[in-house]
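Please look over the chain shown here before reading on. The paragraphs after it go through the model step by step.

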Amino acid sequence: MTMCRTPSLLTLMALAVPVSASAEPTLELYIRDAEEVFQGDPKGTTVDAEGHVSLGPQLRSMVAGSGRPVLSLARGHGRYLLGTAGAGLRGVSEGPKPVDRSLFEAKDLVISAVAAQRDQVWFATGPSGAVFSME
């Protein structure tokens, strides 16, 4: 015995009524040129890993710099300690008008690590691998 099922009138009416669908629009972030990429986030905004757009960080330059790469950074003695490649150990004072001064001259050394605790500062150099401390 074969049974043939016919759709009910209610099912046919439900299929005949159009159902509206909605979707979120695609959001795109445009970057005008490579300069925006190299400087970080587009000016004034930042986009996190989940795609949330918010105000970007306000950056300010503390000092002009020594013209040498800064490889390590620590804070101690009321200043920022910068380990550089070829410009030694630099100290940048805190405050509204920071001052950059040399704490340890080392034109032939790379200061790859800096640490500070209480009145002591330690820094590691390359290529020799020597570690120095100063008060």
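What follows covers confidence, the two sheets and the core.

This is a predicted model, in which local features need pLDDT of at least 70 and side-chain atom pairs count only at pLDDT 80 or more, while totals for chains, interfaces and linings use all residues. Residues are numbered from 1 along each chain as its sequence is written, and side-chain values use heavy atoms, with hydrogens and water left out.

The chain has an average pLDDT (the predictor's confidence in each residue, from 0 to 100) of 76, and 66% of the residues score at least 70. Helices (H or I, at least four residues) and strands (E, at least two) are DSSP runs, numbered from the N terminus. Confidence is lowest in helix 2 (residues 34-38), with a mean of 61, and highest in strand 7 (residues 110-117), with 89.

Strands of a sheet pair through backbone hydrogen bonds, either parallel or antiparallel. Here two strands count as paired if DSSP finds at least two bridges between them. One open sheet has four strands in the order 3-4-5-6, with antiparallel pairing. Its edge strands, each pairing on one side only, are strand 3 (70-76) and strand 6 (100-104). The twist averages 30 degrees from one strand to the next, using axes that are lines fitted to C-alpha atoms (for helices over the stretch in contact) and angles from 0 to 180 degrees between N-to-C directions. Strand 4 (residues 79-84) and strand 5 (residues 89-93) are joined by five bridges; Y80 has V92 in strand 5 as its bridge partner.

Another open sheet is antiparallel and has three strands in the order 7-8-9. Strand 7 and strand 9 (131-134) are its edges, each pairing on one side only. Seven bridges link strand 7 to strand 8, and A113 is partnered by A124 in strand 8. The hairpin of these two strands has two residues between them, and R118 takes a positive phi near 50 degrees there. Strand 8 is joined to strand 9 by four bridges. In their hairpin, with four residues between the strands, G129 takes a positive phi near 80 degrees.

Why is strand 8 largely enclosed by the rest of the structure? Five of its seven residues are buried, that is, under 20% relative accessible area (exposed is over 50%, partly exposed in between; 1.4 Å probe, protein chains only).

The largest nonpolar core (buried Ala, Val, Leu, Ile, Met, Phe, Trp, Tyr and Cys residues joined through side-chain atoms within 4.5 Å) has eight residues: A74, L81, L89, L103, I111, V114, V121 and F123. Strand 7 and strand 8 (120-126) each supply at least two of them. Leaving aside neighbours within four places in sequence, F123 is in contact (heavy atoms within 4.5 Å) with residues including L89, F104, I111 and M134.
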